[in-house]
Amino acid sequence: MTEERLMPGIPRRVHLIGLGGVHLSGIAKVLAAWGHQVSGSDMQTSPTTDALASIGVTVFEGHKAEHIRDAELVVTTSAAKPDNPELVEAHARGIPALKRHEFIAKMLESKTSVCVAGTHGKTTTTGMIASMLVRAGRAPTYLVGGDVLDLGTNAEPGDGDVIVVEADEYDRAFLAYAPNVGVVTNVEPDHLDIYGTFAELSAAFRQFMSQVKVGGTIIACVDSARVRELLDEGGFAGNVETYALDRNADWNARDIEALAEGGQRFEVLHRGEPVGIFEIKMSIRHDVANALAAIAAGHAVGMTFDEMRLTLPNYAGARRRFELVGEASGVTVMDDYAHHPTEVADTVATARQRFTDRRIVACFQPHTYSRSVYLLEGFRTCFRGLDELLVLATYAAREPESAGMDARALAGEIQEPNARFVATFEEAVDLAVEMLGPGDVFFTIGAGDVEELGPMLLERLSRDKQTRTDYSDLARAIAEITDVREHEPLSRHTTFGIGGPADIYVVAKNSDDLADIVIRCREHDAPVFVLGSGSNILVSDKGIRGVVIENRARAVTGPEPDGEGGFRFRAESGASFASIARNFARHGYGGLEWASGIPGTLGGAVVFNAGAYGGCLGDVLDSIRVVNGTGAVKQVAAADLDLVYRGSSFTKSQYEHRVVIDAEFTLWPGDDSELMQRVRQLDQKRLAAQPRGRNAGSIFKNTPQHPAWRLIDQVGLRGHRIGDAMISEQHCNFFINAGAATATDMKALIDLARDRVREQFGVELELEVSLVGEGFDE
Ligand SMILES: Cc1cc2nc3c(=O)[nH]c(=O)nc-3n(C[C@H](O)[C@H](O)[C@H](O)COP(=O)(O)OP(=O)(O)OC[C@H]3O[C@@H](n4cnc5c(N)ncnc54)[C@H](O)[C@@H]3O)c2cc1C
C-alpha cells in the first residue's frame, strides 16, 4: 500500500519558507507523505519543525539564498517579506514561487473541495468534517488550522476524492479558493489590521461566497446578522443552504440536550424534516451550530445521514478548546484558544457553568496589538464571571508594538474583574501560585503560546520536596532523533482526558525511530512507556516518570499473497487499528471488520489482544517484531504470545520491557460492499450500546459467569459519581470523565465498584484498563 507517487501537478522538490507555521507545516506533512522531497526554513526551529525533520523534511534555521538548493517550486507563508533572501534567490533563478494559499488553491483543483471560513469556529468545523470523512473510510485530504485530537494531526493526504481545508481570512488568503462547498460560520469584526474596516472584511467574505463554483453549495450560518445581510445581497453561483440555532433555516437543530456524561444530543432537521438524532462530545452550545455546518457539508459531498450519525460522536475537538491540562495540589488547570471577545465570553460562560461553585482565575494573553484596540469594547466586558484575571504581555505574532495597544494598557481597561498585568511567564506562575488554593480552577486563554504556562504552573504546584531524576543527558540524546517535550500533560493524550505530566515526552514517527528511542532509553537506564492512543489506560495525577513515547509509526505495507488464498500485511504498531480495519474492508480484505470501532493503535491491540463481536486480533495475527530489554529487535510468532481474552505475554508482565515495533497478519479476499455493510452494522450496534463522553472503554473484564456491567448495576452504582468521575447511566462498565475528573476520583470509583461487588457477590472484578504512573501501585 506504500507505492511512491507525487501530488498531481506539483514537482518533486519543494521548498517552504516559514515552515514552522500551522498551515505550512501541514502542507509539508502532506507533501512528504506523497513522496516529495521537501525542505523548508524558519527564523527558529521549533517542536513543529523538529517533528517535520523526523519525517524526512530538511529543516533550515534562518533564511539564506543557498537553502533553495535544487528546489523546483517555492511556497511561502503569507508573512514572507519580498526581500526574503530565499524568495529573492527563487525569483533570480526563475523558480516558481507561490504563497501558501495559491498552493492550496492548486491542491483543491484535483478533488471535490470543501473550504470552511468564518470569524469563529472554522477550525472546529473543518476538523469535524475531516474526522467524519476519515472515520467513514472516505480517506479525505485535509488541512486544518490546529491539531484534530482524535486524528492526532492537523493535515493528512488521502486517496479519497474530497479535500477539506480551513479557509483563513487573514491576508485575504481565502480569496484564492473557488471551492465546490464553501462554509461561512459567521462574520464579525476581526483582522481589521488587514482589512481596515468591518465593511471591507464583509466584502471579502461576500467575494469568498461568490467564488463557490456553479452547482456547488454555500453553507451559511444565519444566526450571524452580517451573514444574513450578505445573503440578502444575492447573486451567488452556488446554491445556498442556511443553518441556524435561533431561527428557521435549511438546517436546524431541536431538542438540544446536555448529556450528563459531557457532550450534547440534538435532532437535526433538513428543510423541516427530521433526519436523525446526532451527538457530539463538545459541551459548548455553538458547537451544535458547527455540527450543523459539518452535517450540511457532509451531505453536500455525498455522506449519508447514517454515516454522519455514526462518525460525528468520535470527533474529540481541536486541540486547545476548553482543554483540561492537568491537576496539581487540588488546582485544575484548563486551556482555551479564545482570542476574540465573543469567544472569550463563551469560554467564561461555559467555565462558570461547568465549575459552578469554584473560584476561577484566568491568564489571558492578547494576540496582536491591533486587536486590543479595535476590539477594546468587547475586551472590557468579556471576562465578566471570572474571579481573578491576569493579562500577560501581548503575543505580537507579525505585528510591531506600534500597531496598537500593549497588554499593560489593555489590563488597565478591564475592570470586571480587575485585571493585573504580568510581563513574563515566570511572573505569571509566581503570582498564580500565590493566588491559587485547592479547589480553584486556572485557565490559560489566548491564541499565542500561553498554553505553555499551564504545564509550568502544574510543575511548580507539584514540585513537592521530592527530587526528580535528571534526564537532561537522555533528552539531548533523543533530541537527535525527534523533538523532546518536558512535563507534557498526559491528559492531552488519553481518551479519558486524565493524567499528570510525563518527565520526557517524544513522538516516534516511524518504527526505526521507535526502536532507536527505546534503545537510547535503555542505554540511559530510563523507564520507557509506549503510548498508543491512550484508550485503555488511566494515568495517575502525578504522571509518568521517565520517557513516554507517543507511537505515530503508521506505515502499512502489503498485500502479499500467502500462497493459500490469503493476503499478508505488515503494519507499524502506531497504525490506527480502526482505520486499518475500515480501509481493508473498503478494499475487499476481510477478517478485521469487528475492529472498525476500536479506538487504539495496533500495538495496544496486540498487548490486550483487542477484540469485539466474537473476533480478536489473535485470529488474524501471524507475528510481531519487538525491541527487547537489551535493545535487540526480534520476531515473535503469534503462537508464542500467550494471547487470551484481553491479555497477552505483555499484560502478564512476561514481556514487560518489550515494545511492539510492527505486526504481520493475514486477511482474506471478500466482497468490499458486503464487508463495508458489516462494518456499518457493527458501527450501529456500537453506537447504540456505548455511551459518549470521555472514557476508556470497558473498565473491568467480564467474568466467566457475568458481564461486569450487570454486577456493577446490581450493587446500585449506575450513574454514581465521585467528583467528575461517573459510572455511565447507559452502560455501567463505562466510567466517564464528565468534566474535570482527576485520576484520584476515577480510581476511587473503580475501588468502590470492586469493593461493593466483592462484598455483595464474592466476585473479584479484574481491571481491563491499565493503571499507570506514579502513585498507582498495581
Ligand atoms: C470507546 C472505547 C471503546 C473500546 N472498545 C473496545 C473493544 O471493543 N474491544 C477492545 O478490545 N478494546 C476496546 N477499547 C479499549 C482500547 O481501545 C483497546 O484496548 C486498544 O487496543 C488500546 O490501544 P491503545 O493504542 O489506545 O493503547 P494505550 O491505551 O495507549 O496503551 C495501553 C497499554 O499498551 C501498551 N502499549 C501500547 N502500544 C505498545 C507497543 N507498541 N508496544 C508495547 N506496549 C504497548 C502501553 O504501554 C499500555 O501499557 C475501547 C476503548 C474505548 C475508549
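## Surroundings of the ligand

In this predicted model, 33 residues surround the ligand, and those that come nearest are Val-530, Gly-532, Ser-535, Thr-601 and Gly-611. Sorted by class, the shell around the ligand consists of 14 nonpolar, 16 polar and three charged residues.

Several elements of secondary structure take part in this shell. At least two residues each are supplied by β24 (528-531), α20 (602-608), β30 (611-612) and β34 (659-669). Of the contributors, α20 gives the most, with five residues.

## Polar contacts and cover

Contacts with the ligand involve both backbone and side-chain atoms of the protein. On the backbone side, an N or O atom of Ser-533 lies 2.9 Å from an oxygen atom of the ligand. A polar backbone atom of Val-660 is 2.8 Å from a nitrogen atom of the ligand. On the side-chain side, a polar atom of Arg-686 lies 2.9 Å from an oxygen atom of the ligand.

The ligand has 980 Å² of accessible area on its own, and the protein covers 91% of that area.

## Aromatic pairs

A pair of aromatic rings is described by two values, the distance of the centres and the angle of the planes. Across the whole structure, a search finds 15 aromatic pairs. One of them joins Phe-569 and Tyr-589 in an edge-to-face arrangement, with 5.1 Å from centre to centre and 80 degrees between the planes. Because Phe-569 belongs to strand β28 (residues 567-572) and Tyr-589 to strand β29 (residues 589-590), this pair ties together parts that are 20 residues apart in sequence. Both Phe-569 and Tyr-589 are buried.

Phe-569 also forms an aromatic pair with Phe-665, and here the rings are stacked: the centres are 6.2 Å apart and the planes differ by 25 degrees. The angle counts as stacked because it is under 30 degrees. This second pair links distant parts of the chain, since Phe-569 lies in strand β28 and Phe-665 in strand β34, 96 residues apart. Strand β34 is also one of the elements that supply at least two residues to the shell around the ligand.

## An aromatic cluster

Phe-569, Tyr-589 and Phe-665 are among the members of one aromatic cluster, which also includes Phe-567 and Phe-584.

How buried are the two stacked rings' residues, Phe-569 and Phe-665? Phe-569 has a relative accessible area of 2%, and Phe-665 has one of 1%. Both residues count as buried because these values are under 20%.

Definitions and conventions
Residues numbered from 1 in each chain as written. Predicted model: local features only at pLDDT ≥ 70, side-chain atom pairs only at ≥ 80, totals over all residues. Heavy atoms only, no water. Near = heavy atom within 4 Å. Polar contact = N/O pair within 3.5 Å; in protein donor to acceptor, adjacent residues only side chain to side chain. Areas by Shrake-Rupley, 256 points an atom, 1.4 Å probe, with all protein chains shown as cover. Helix = DSSP H or I, 4+ residues; strand = E, 2+ residues; numbered from the N terminus. Nonpolar A, V, L, I, M, F, W, Y, C, P; charged D, E, K, R; others polar. Phe/Tyr/Trp six-rings, centres within 6.5 Å; stacked < 30°, edge-to-face > 60°. Buried < 20%, exposed > 50% of the residue type's maximum accessible area, 1.4 Å probe, protein only.
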